[in-house]
Amino acid sequence: MDGIRGIGFDLFNTLITVEPWALSEAVGRLCSSLQDDGIAVEREIFHKAHRQAALQHIAETHRDGRETHNRFWISTALCRLGFALEPDDPRISRSVERYFSAFQDHCRLIPGTKEMLGAIKDRYRLGLLSNFTHPPAARAILEGLGIASFFEVTVISGEIGYRKPHALVFDLLLNRLGLSAQELLYVGDDPEPDIEGACSAGIRTVWTTYVRDRNIPLAPGVAQEQLPTPNCPTLRISSWEELLMLLDGNGDFRDL
Ligand SMILES: [Mg+2]
């Protein structure tokens, strides 16, 4: 592609998927961790309070673009159930690690991802940009799946305090890669944070609909609404073969 020197990738539902039961197992492990630390929460009641707290904190991220963290959700949920634990309480820190251990156990690479990254790593500077609240878990997932070393730059929203689609995170990716917006191609699945966010930063985009086209369950977020269509110009692919063809200057890409 003309003038492209680097490629940025989203993580969830772009390079990897998560087994559909991971969220339920994660909350179960979180709950067990709290119980092991002597906090007598009942799983179903806690699950509901945690979900409500998560929705509340995530709604705040939509207002100002700032990333949140699971320790606030857990603290809020526990307070509502009569347990006054500050977000920085070590019992909450331990429960966060247990929560994310389920995602580490149940993430899978989209087939062909390693081969695709291997095929382009010497031709382009590669970056990873993920909205992820707990950076150590994101990095553990990348290491565990054997793809961390493909990326010269890894930007996790939880490390910088802002999340996509905020322009600051795309600017940081460009700065760390040493590229201008015109030199980067960004690949992601989620229309608003990935495609519209990158587009607003002047970056060309590829919308990957691999997961959507195959009806694979979305990586479990708290709210799973139907994904909209990007409201800006983008190319669309449904397989890594199509991305490789696009980079080679050929291939037939469907309209949105
Ligand atoms: Mg995604």
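This is a short dialogue on reading helix crossings, strand pairing and exposure in a predicted model.

User: Let's start with the helices. At what angle do the axes of H1 and H2 cross?

Analyst: You fit a line to each helix and look at the angle between the two directions. Here the axes of H1 and H2 cross at roughly 115° and come within 10 Å. Angles of 65 to 115 degrees count as roughly perpendicular, so H1 and H2 are roughly perpendicular to each other. The crossing of H1 past H2 is right-handed. On the H1 side, Val27, Gly28 and Cys31 make the contact, and H2 brings Arg43, Phe46, His47 and His50. Sorted by class, the residues of that contact are 3 nonpolar, 3 polar and 1 charged.

User: And H2 with H3, how do those axes cross?

Analyst: Read it just as before. The axes of H2 and H3, the helix at residues 70–80, cross at roughly 130° and come within 8 Å. That makes H2 and H3 oblique to each other. H2 passes H3 with a right-handed crossing. From H2 you get Phe46, Ala49, His50, Ala53, Ala54, Gln56 and His57, which meet Phe72, Trp73, Ile74, Thr76, Ala77 and Arg80 of H3. The class split for the contact of H2 with H3 is 8 nonpolar, 4 polar and 1 charged.

User: Is glycine 38 buried or exposed?

Analyst: Count the other C-beta atoms within 10 Å: 12 or fewer means exposed. Glycine 38 has 7, so it is exposed. You'll find glycine 38 in the loop between H1 (22–36) and H2 (43–64).

User: How far apart are glycine 38 and arginine 91 in sequence and in space?

Analyst: Look at both separations together. Glycine 38 and arginine 91 are 53 residues apart along the sequence, while their C-alpha atoms are 9.3 Å apart in space.

User: Now the strands. How many bridges join S1 to S4?

Analyst: Pairing is read from bridges, with at least two needed between the strands. S1, residues 6–9, is joined to S4 by 4 bridges, and the two run parallel. For a concrete pair, take glycine 6, whose bridge partner in S4 is arginine 125.

User: In which sense do S4 and S5 pair?

Analyst: Parallel, over 4 bridges, with S5 covering residues 153–156. Leucine 129 stands opposite valine 155 of S5.

User: How many residues of S4 are buried?

Analyst: For burial, the cut-off is 20 or more other C-beta atoms within 10 Å. In S4, which spans residues 125–130, 5 of the 6 residues are buried, leaving the strand mostly covered.

Methods: Residues numbered from 1 in each chain as written. Predicted model: local features only at pLDDT ≥ 70, side-chain atom pairs only at ≥ 80, totals over all residues. Axes fitted to C-alpha atoms, helices over the stretch in contact; angles between N-to-C directions. Parallel < 35°, antiparallel > 145°, perpendicular 65-115°, else oblique. Left-handed = near helix turned anticlockwise from the far one by under 90°. Contact = placed C-beta atoms within 7 Å. Nonpolar A, V, L, I, M, F, W, Y, C, P; charged D, E, K, R; others polar.
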